[in-house]
Amino acid sequence: MSLTATRPAPPKRPAPSRRRAYKALEPSPAGRAVRVVLLAMATPVTLFPFYAMVVLSLKPAAAVEFPGSLLPWPIDTGAYAQVLGGRDLPLWTFNTLVYSVVSVVAVLLLASLAGYAFAKKRFPGRETMFWSFLSMVMVPYHVTLIPTFVLIAELGGVDTYWGLILPTLANAQAVFLMRQFIMGLPDELFEAARLDGASEWRIFTRIVLPLCKPILATLGVFVFLWHWNDFLWPLIIGQGAEMRTLTVGIASLQQENVPLNVVLAGATVAFVPIFAAYLVGQRYFTEGVTMSGIKG
């Protein structure tokens, strides 16, 4: 038997009664029209902050006047030259890339391993352990900041990459989504692989991971966006200027009385990588969100 992962067989066509139920849930023409109108109204509201950020970053360093300052002319790229030519931006970008990329790889690996164990392995206390771990979602993030900082500081992790990354790897939401997705994979596939003599690690790498590409891509985008935009933990653990991330560095510009157009130019530069990450993962994004919601 070949252990190369193949996609499960497409689902059977629903029975006539189920098809009628699905059809009854479809919106009416009036409902579709209302949805289009609401989306048309929400789109400008959603895009306006990004438009204002880009336009104001292309303005000269002067007082902001509304609505005149929101016009796309005149254009002055001096703020971008100042941001991109600064000595701090490359360091901030490197720190943010290390924080985001390493965290994404580690979170996806740990979450997929835990999700596979909780979904397909049988061991005493499995459900108790899973729901106890999932209860972490109910604890506010800010409540754990001080104990986490004290622990990392005692271990010497202040102003270090491992101190920045390590506390963010236990992601309960990622484990939950991976478990829900893997539970929907057919058990026969794993049983056949075991009968063929495959080890658990080979089953995980050759079957589980290839079939989990949609949810892995979705989680990867989410985790990358969260770490790229994270502000509070990098601010607390990175006390030296050499450990600042982009969000912390851009916020520090406001304390130094830097012109608004320079601050917004830095924010625009920081926005480009996360937008590119979404475009790269868009192929699997919708599929992963949909399938993770119906599996299990």
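Which side chains meet in a salt bridge at 2.5 Å, N to O? This tour of a predicted model returns to that pair after a view of the whole chain.

**The whole chain**

Begin with the entire protein chain shown as a cartoon. The chain holds 14 helices and 0 strands, and from the N terminus on every element in the run is therefore drawn as α under the DSSP assignment. Of the 296 residues, 35% are buried. Contacts between residues at least 6 apart in sequence include 75% that join residues at least 24 apart. If a surface is displayed, about 17,600 Å² is exposed, and carbon and sulfur atoms supply 68% of that area.

**Annotated spans**

Next, colour the residues that UniProt, in an unreviewed entry, lists under "transmembrane region": 36-58, 97-118, 130-155, 203-226 and 262-281. Two of these spans may be selected in turn. Residues 36-58 are 96% helix and 0% strand, with their end C-alpha atoms 33 Å apart. Residues 203-226 are likewise 96% helix and 0% strand, and here the end C-alpha atoms lie 30 Å apart.

**Asp-187 and Lys-120**

Select Asp-187 and Lys-120 and display their side chains. These two residues answer the opening question: their side chains meet in a salt bridge, at 2.5 Å from N to O. The pair brings together distant parts of the chain, as Asp-187 belongs to helix 9 (residues 187-195) and Lys-120 to helix 4 (residues 88-120), 67 residues apart. Side chains of opposite charge can pair when their charged atoms come close. Are the two partners buried or exposed? Asp-187 is partly exposed, with a relative accessible area of 39%. Lys-120, at 13% relative accessibility, counts as buried, because the cut-off for burial is under 20%. A search of the whole structure finds 5 salt bridges, and the next stop shows others.

**Arg-126, Glu-127 and Arg-179**

Move to Arg-126, which is placed in helix 5 (residues 126-134). At 16% relative accessibility, Arg-126 counts as buried. Leaving aside residues up to four places away in sequence, Arg-126 touches Ala-117, Phe-118, Ala-119 and Lys-121. Arg-126 also forms a salt bridge with Glu-127, in which the closest N and O atoms are 3.2 Å apart.

Keep Glu-127 selected; this residue is partly exposed, with a relative accessible area of 33%. Which other side chain meets that of Glu-127 in a salt bridge? The partner is Arg-179, at 3.9 Å from N to O. This pair also links distant parts of the chain, with Arg-179 in helix 8 and Glu-127 in helix 5, 52 residues apart. Arg-179 counts as buried, at 9% relative accessibility. A further selection of Lys-121, Arg-194 and Glu-200 shows one network, joined by salt bridges that share partners.

**Helix 8**

Arg-179 leads to helix 8, so select residues 172-183. How far apart are the end C-alpha atoms of this helix? They are 16 Å apart, which agrees with the 16 Å that 12 residues should span at 1.5 Å a residue, because the expected span counts one less than the number of residues. The buried residues of helix 8 are Ala-172, Ala-174, Val-175, Met-178, Arg-179, Gln-180, Phe-181 and Ile-182. At the start of the helix, display Asn-171: one of its side-chain oxygens reaches to within 3.2 Å of the backbone nitrogen of Gln-173.

**Thr-168**

Step back along the chain to Thr-168, in the loop between helix 7 and helix 8. Thr-168 is buried, with a relative accessible area of 6%. A polar atom of its side chain lies 2.7 Å from the backbone oxygen of Ile-165. What surrounds Thr-168, not counting residues up to four places away in sequence? Thr-168 touches Tyr-99, Ser-103, Val-107, Trp-226, His-227 and Trp-233. A distance drawn between the C-alpha atoms of Thr-168 and Val-107 reads 8.3 Å, although 61 residues separate the two along the chain.

**Asp-159**

The last selection is Asp-159, in the loop between helix 6 (145-154) and helix 7 (161-165). Inspect the backbone here: Asp-159 has a positive phi of about 60°, although it is not a glycine. Asp-159 is partly exposed, with a relative accessible area of 28%.

Methods:
Residues are numbered from 1 along each chain as its sequence is written. This is a predicted model: local features need pLDDT of at least 70, side-chain atom pairs count only at pLDDT 80 or more; totals for chains, interfaces and linings use all residues. Side-chain values use heavy atoms; hydrogens and water are left out. Helices (H or I, at least four residues) and strands (E, at least two) are DSSP runs, numbered from the N terminus. Buried means under 20% relative accessible area, exposed over 50%, partly exposed in between (1.4 Å probe, protein chains only). A polar contact is a pair of N or O atoms within 3.5 Å; within protein, one must be able to donate a hydrogen and the other to accept it, and residues adjacent in sequence count only if both atoms are side-chain atoms. Contact means heavy atoms within 4.5 Å. Accessible areas come from the Shrake-Rupley method with a 1.4 Å probe; for residues, only the protein chains shown count as cover. UniProt positions are given in the numbering used here, feature names are shortened, and annotations may be inferred rather than shown by experiment. A salt bridge is a side-chain nitrogen of Lys or Arg within 4 Å of a carboxyl oxygen of Asp or Glu.
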